[in-house]
Amino acid sequence: MAGNNVLKLGIPAGSLQQSTAELFERAGYNIKFSSRSYYPTIDDGEIECLLIRAQEMARYVEQGVLDAGITGLDWILENEADVLEVCELVFSKVSRRPVRWVLCVPNDSPVKSVKDLAGKRIATEAVGLTKRYLEKHGVEARVEFSWGATEVKPPKLADAIVEVTETGSSLRANDLRIVDEVMQSTTRLIANRDAYQDEWKKNKLENISLMLSACLNAEGKVGLMMNVAKENLDEVLAILPALQKPTISALSSPDWVDVITIVEESVVRNIIPQLKLMGATGIVEYPINKLID
């Protein structure tokens with residue numbers, strides 16, 4: 001292995017750490033963490049991992065301390081980092097939906113819109129995002145950095161907060177209501193622009209991107225295969241909500257074909273009984289680990 005052929009990759013510490021490791025594992029990479037080290041091990045000698053907070057990731061990637069890293073679009077924008085986005089990875093610590101940054105106030109607050117916060121105090125971890133949001137709405141307010149436990153600051157320590165949420169449960173538990181959505185954010189694989197000019201590093205990152213995206217594409221999908229009489233083929237194909245065109249192969253019997261397709265797992269329970277009624281036989285459902293378009 002040549003001396004330059006090592007990719008310095010940032011793994012997000014904190015809430016995204018476990019879900020990132022699980023995604024990499026499904027993609028074929030085994031990442032192990034040590035409680036006393038910020039350098040996780042990975043079973044790829046061409047990758048050197050560094051565990052770092054998602055909030056800081058984009059800055060270190062922009063500066064070239066890291067060749068690439070995984071972080072949210074929110075923290076890229078918060079840092080105003082000039083980085084290259086390799087791919088979007090729609091996953092988070094709880095769900096497979098974007099996280100939301102929302103403007104919140106106590107349930108009994110008279111505030112109805114962002115305009116009502118002129119001259120008020122807003123606590124948030126995303127100071128830059130919040131200031132730009134207020135500027136867009138022509139509102140001048142005092143924005144203070146919150147070191148954590150932001151939800152408990154209103155009403156004594158702040159009139160409002162801008163906080164990230166996935167389910168809204170923490171906001172409801174603290175008697176907060178959402179006034180407006182500031183932005184939605186998903187996870188991104190980003191790269192340093194100079195590093196991406198290196199052909200080896202670019203190729204390595206594109207391979208990682210391909211495998212990670214393939215795992216996410218396969219989520220919630222299964223394969224179906226079955227034998228179908230040719231006389232019933234059109235009827236069978238009409239009820240298959242194929243994500244890709246079904247593969248139809250000849251069998252030893254000239255009157256039958258083999259049909260293979262990929263469908264959403266949620267529809268299988270309704271489709272298989274219909275297929276059975278249409279005379280399909282040898283119906284097999286199987287898991288899909290990766291899906292590459």
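Here are four short exercises on this predicted model, each with a worked solution.

Before starting, note that residues are numbered from 1 along each chain as its sequence is written. Local features need pLDDT of at least 70 and side-chain atom pairs count only at pLDDT 80 or more, while totals for chains, interfaces and linings use all residues; side-chain values use heavy atoms, with hydrogens and water left out.

**Exercise 1. Work out which residues supply most of the area that domain 1 buries against domain 2.**

Step 1: get the domains straight. Domain 1 covers 7-95 + 187-218, domain 2 covers 99-184 and domain 3 covers 221-287; such bounds come from an automatic or database domain assignment.

Step 2: look at the pairing. 12 residues of domain 1 are in contact with 12 residues of domain 2, where contact means heavy atoms within 4.5 Å.

Step 3: turn to area. The two domains bury about 860 Å² between them, 50% of it on carbon and sulfur atoms. Buried area here is the accessible area (1.4 Å probe) that two parts lose on being put together, summed over both. Asp 74, Trp 75 and Glu 78 supply 53% of what domain 1 buries against domain 2, more than any other three residues.

**Exercise 2. Find a salt bridge that involves Glu 80, then describe the backbone of Glu 80.**

Step 1: recall the rule. A salt bridge is a side-chain nitrogen of Lys or Arg within 4 Å of a carboxyl oxygen of Asp or Glu.

Step 2: apply it. Glu 80 pairs with Arg 132, with 3.7 Å between the closest N and O atoms. The count between domain 1 and domain 2 is 2 salt bridges.

Step 3: place the residue. Glu 80 is in the loop between helix 3 and strand 6 (84-89). Helices (H or I, at least four residues) and strands (E, at least two) are DSSP runs, numbered from the N terminus.

Step 4: check phi and exposure. Most residues other than glycine have a negative phi. Glu 80 has a positive phi of about 50 degrees although it is not a glycine. With 60% relative accessibility, Glu 80 counts as exposed; the scale is buried under 20% relative accessible area, exposed over 50%, partly exposed in between (1.4 Å probe, protein chains only).

**Exercise 3. Compare two salt bridges: Lys 201 with Asp 67, and Asp 82 with Arg 193.**

Step 1: take Lys 201 and Asp 67. Their closest N and O atoms are 3.1 Å apart. Lys 201 sits in helix 7 (residues 199-218) and Asp 67 in the loop between helix 2 (54-63) and strand 5 (68-72), so the pair ties together parts 134 residues apart in sequence. Both Lys 201 and Asp 67 are buried.

Step 2: take Asp 82 and Arg 193. Here the closest N and O atoms are 2.7 Å apart. Asp 82 lies in the loop between helix 3 and strand 6, and Arg 193 in helix 6 (residues 193-197), 111 residues apart. Asp 82 counts as partly exposed at 43% relative accessibility, and Arg 193 does too, at 39%.

**Exercise 4. Locate the cis peptide bond that joins Pro 154 to its partner.**

Step 1: remember the usual case. Most peptide bonds are trans.

Step 2: read off the pair. Pro 154 and Pro 155 are joined by a cis peptide bond, with omega about 0 degrees.

Step 3: place it. Pro 155 lies in the loop between strand 9 and strand 10.
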